[in-house]
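Student: Please take a close look at the salt bridges for me. Go pair by pair, and show me where each one sits.

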There are 2 protein chains.
Amino acid sequence: MAETEETRPSVQESLEQVVELLRQHELAAAPTARGEGDSRRELVETLVHTLHLAELQKLLDGLHPADIAYILESLPVEHRLIVWDLVKTERDGEILLEVSDAVRETLIADMDKAELVAATGQLDADEIADLAPDLPREVIQDVFQSLSLEEREQLRAAMSYPEDTVGALMDFDMISIRDDVTLEVVLRYLRRLDELPDHTDQLFVVDRQAQLTGLLPVNRLLVTDPETAVADAMVKESVRLHPDEKAQDAAAAFERYDLVSAPVVDDMDRLIGRVTVNAVVDYIREETDNEMLSAGGLLEEEDLFASVWKSVKNRWAWLAVNLVTAFIASRVIGLFEHSIAQLVALAALMPIVAGISGNSGNQTITMIVRALALGQITAANARKLFAKEISVSALNGLLWGGVVGLFAFLIYHNWQLGVVMTGAMVLSLVLAAVMGVAIPLTMQKLGRDPALGASVMITAITDSGGFFIFLGLATVFLV
Amino acid sequence: MAETEETRPSVQESLEQVVELLRQHELAAAPTARGEGDSRRELVETLVHTLHLAELQKLLDGLHPADIAYILESLPVEHRLIVWDLVKTERDGEILLEVSDAVRETLIADMDKAELVAATGQLDADEIADLAPDLPREVIQDVFQSLSLEEREQLRAAMSYPEDTVGALMDFDMISIRDDVTLEVVLRYLRRLDELPDHTDQLFVVDRQAQLTGLLPVNRLLVTDPETAVADAMVKESVRLHPDEKAQDAAAAFERYDLVSAPVVDDMDRLIGRVTVNAVVDYIREETDNEMLSAGGLLEEEDLFASVWKSVKNRWAWLAVNLVTAFIASRVIGLFEHSIAQLVALAALMPIVAGISGNSGNQTITMIVRALALGQITAANARKLFAKEISVSALNGLLWGGVVGLFAFLIYHNWQLGVVMTGAMVLSLVLAAVMGVAIPLTMQKLGRDPALGASVMITAITDSGGFFIFLGLATVFLV
């Protein structure tokens, strides 16, 4: 954790303090639960008990909502709920926004309707939209009633965009100005506000039809002569996002052009919102987290302290897929049981061929998926890539196939077996290369996400294919 | 790519235009190379040739450096160098900063010393430090001579920090002010500057010893009465980074507290630089990219159009590791060749046990590595996690082991084989769970990165372990 001033402990230190206080709290609580005890002892225990909770509450009050969210995520459910009850109601909303989906579920399950309405009521429309999928319908209705007309419109808009679009990242906290006033007027206007929205690095210049005509960077406002008109100081050319655009593309624009905020406009170029870099950072982190989880075969982010049953459900879909591919590979081996019975060394050697070609196929697929994600593969260079990957694999096949063949010869003193092994390695590595390029390209063409499941498919193919090639060659030449 | 105004095409569109112009350029160039041709035809071709390059140059001049970098990365090496030669020299430096390491290498190899010195000379000290590892020593010496004393000091400092530290993310473009003046004075001071550094969302307040005493957010500067003293308007408590801190921790602070910039101070609390959100976004993207590449078994980022030989070298280390683990698994199977010879069905069924437990172990490890990265695992909850993962795996083992056992029975009409299969699945899934928790925790304790190689280790263990358990049980109960 980033070190901070002496007055501000790091979030890890805070977590340790919380765990320690909870431990003391439990120690104090435990005897009263067990023994009968005289009432004075009970009273003392209750006091100590209360003292720890009071200290805990004081500690929590001083923490940033994001830090409280972190602490809640790091605690087992029973401790999590004790801490959650101690958090001031007016901070509930902000904290719910910060915790992971899985943990949010456990917190919301602990709150009654009135608490949820109170927590949600303090948020902005775009934030309510983020929480909405996890809230009971009555809560949303109640909150909706309490909003102003403009906020209702914003909430309706924000809730209408699918998760991976710019619309879902958008907020409505922007300052818009006209282009026919001077910077002096703008400065005076700003000074009448109590504070500017977070991440206000630019003001949005709109005309009477609410159409975006330009952007006035705050930094330019500060260095330019106040007598200048907004129209002369503003930047006209800029990135403009549309609410239906993919969030991924917006994130790429933020990365590429080092943006802090960007306007979102509708088809008529009317300003409807903005996206800020903190939403983009959260999006990038979430997206890469999801990639990591799905690469590991987890359906969704799992609460570290989820129940066993929930975890089993989160994981079994992937195991089932794996089982099907393993069954198929098993049946491929079954085809050659006759050969294996005659030359049992085949059974010991076949996982080597399948394993190495699976590994090599995954290397190719990692490269291609990455290049596709960056949009770097065109029809013109796809053929080049095929040729390159096949050459790389054939070379690796000769190299490692030679090593493996030597190994087979040394162990089984059978040079024909060694040669078959080398040949099988070359062929299955080439198969892995071809499929490693073809699978993601085909998925892309079919309009599917090439990253999703590509690794499972290549492994399935290299397993069954590797067994088939090796056992097939052995059957033809050795048995 | 983010849509932009009509006047600004997306980077993909620019890439397509570049590819088209290069194609026409080659078409025009090709005949002159082949045929003899009369001189008039030759002249026309040369003209067309030149026209295409002139058009290409015009196109490139209008593009953002990041977009040119993207285009360079997407082109095969020979085309890449044509485009690179057309880029104006004064933009070379910025573009070198934006391209990936692998592509940067190909560009630098194409430049002579004078070009490199010219390109580098226009950059800030922190940017030169980023390029330095890829530049020839003489170039760095020349550039160093051309810097001012202050810049030399900055360059020396920036180059002294290891790659994954705050020091490596830091820049020196900050505005510092004193706390004893009024905001009016600050505003006047800013107005004398031509422009403010990018990402200036706050000014740094320092005392006479250059010690950081506070921060003045630009947004606060704008809304506060100009008569107020800086000391009364500034924020005192804030995140302060240290140059030796891990970059990862700084990134976590940016994410958690939604920062745009943060001060970097030395041990005496003296301001030495700042970190901005764009450096953090680039760092996060790079870090997750590296994770993805190493998960796929690639040593480093690979130029999509790298030579075959380079690619082979980039990939073979991982294949070698894989080969060793496959050899071990093969020898484990070799121990039971006698059993396999007697019951050849074992050869067909054994990859199922190894595959599923590998998959399950990887699920566990993904969870644990993620929780470790977030710092959420304490001594107190580690035992809970072991218990949970073992329960999840035992349940999954019974469930899928049952399915697999039934499958074995249906195919081989041998119920004992089915029971052995189910038992082997439960045991190897439990082994996978125990190792899936133990490996990352142990690596963490030994001070190593738990994400690195954990997946290879678990797969090695579940492969050899799965084969051993299944074949061992079969040998005891069936043969």
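Tutor: Start with a network. A:Asp101, A:Arg104 and A:Asp134 are linked by salt bridges. Keep in mind that this is a predicted model. Over all chains, the count comes to 32 salt bridges. Let's pick out some pairs, beginning inside chain A.

Take A:Lys113 and A:Asp142. These two form a salt bridge, and their closest N and O atoms are 3.7 Å apart. That falls within the 4 Å cut-off for a salt bridge. Now find them along the chain. A:Lys113 sits in helix α7 of chain A, residues 113-121. A:Asp142 sits in helix α9 of chain A, residues 137-146. The two residues are 29 residues apart, and the pair links distant parts of the chain. Are these side chains buried or exposed? Neither label fits. A:Lys113 has 38% relative accessibility, so this residue counts as partly exposed. A:Asp142 has a relative accessible area of 35%, so partly exposed is the label here too.

Next, A:Arg240 and A:Asp269. Their side chains meet in a salt bridge at 3.3 Å, N to O. This time look at loops. A:Arg240 is in the loop between α14 (230-233) and α15 (247-257) of chain A. A:Asp269 is in the loop between β4 (261-265) and β5 (271-276) of chain A. Here too the partners are 29 residues apart and link distant parts of the chain. Check the accessibility. The cut-off for buried is under 20% relative accessible area. A:Arg240 is buried because its relative accessible area is 4%. A:Asp269 reaches 24%, so this partner counts as partly exposed.

Now cross from one chain to the other. B:Asp289 and A:Arg370 meet in a salt bridge, with N to O at 2.6 Å. B:Asp289 lies in helix α16 of chain B (residues 277-295), and A:Arg370 lies in helix α19 of chain A (residues 345-373), so the pair joins two chains. B:Asp289 counts as buried because its relative accessibility is 19%. A:Arg370 also counts as buried, at 14%.

A further pair spans the chains. A:Arg256 forms a salt bridge with B:Asp67. Their closest N and O atoms are 4.0 Å apart. In total, the count between chain B and chain A is ten salt bridges.

Step back to the contact itself. Chain B gives 131 residues to the contact, and chain A gives 131 residues. Together the two chains bury about 12100 Å² between them. Of that area, 62% is on carbon and sulfur atoms.

How are the two chains arranged? A rotation of 180 degrees, with 0.0 Å of shift along its axis, superposes chain B on chain A. The RMSD is 0.1 Å. The two copies are therefore related as by a two-fold rotation axis. The same surface serves both copies: 100% of the contact residues of chain B recur in chain A.

Place the pairs on the domain map of chain A. The assignment gives domain 1 (11-168), domain 2 (176-276) and domain 3 (308-477). The C-alpha centres of domain 1 and domain 3 of chain A lie 48 Å apart.

Finish with a sheet. In chain A, three strands form an open sheet in the order β1-β2-β3, with mixed pairing. Its edge strands are β1 (176-177) and β3 of chain A, and each pairs on one side only. Two bridges join β1(A) to β2(A), and these strands run parallel. A:Ser176 has A:Phe204 as its bridge partner in β2(A). On the other side, five bridges join β2 (residues 202-206) of chain A to β3 (residues 212-217) of chain A. Those two strands run antiparallel. A:Leu203 is partnered by A:Leu216 in β3(A). The hairpin of β2(A) and β3(A) has five residues between the strands, and there A:Ala210 takes a positive phi near 70 degrees.

Turn to chain B. An open sheet there has three strands in the order β1-β2-β3, and the pairing is mixed. B:Ser176 stands opposite B:Phe204 in β2(B).

Key: Residues numbered from 1 in each chain as written. Chains lettered and ligands numbered in written order. Predicted model: local features only at pLDDT ≥ 70, side-chain atom pairs only at ≥ 80, totals over all residues. Heavy atoms only, no water. Domains from an automatic or database assignment. Least-squares fit on C-alpha atoms with pLDDT ≥ 70 in both. Contact = heavy atoms within 4.5 Å. Pairing = 2+ DSSP bridges. Helix = DSSP H or I, 4+ residues; strand = E, 2+ residues; numbered from the N terminus. Buried < 20%, exposed > 50% of the residue type's maximum accessible area, 1.4 Å probe, protein only. Buried area = accessible area lost by both parts, 1.4 Å probe.
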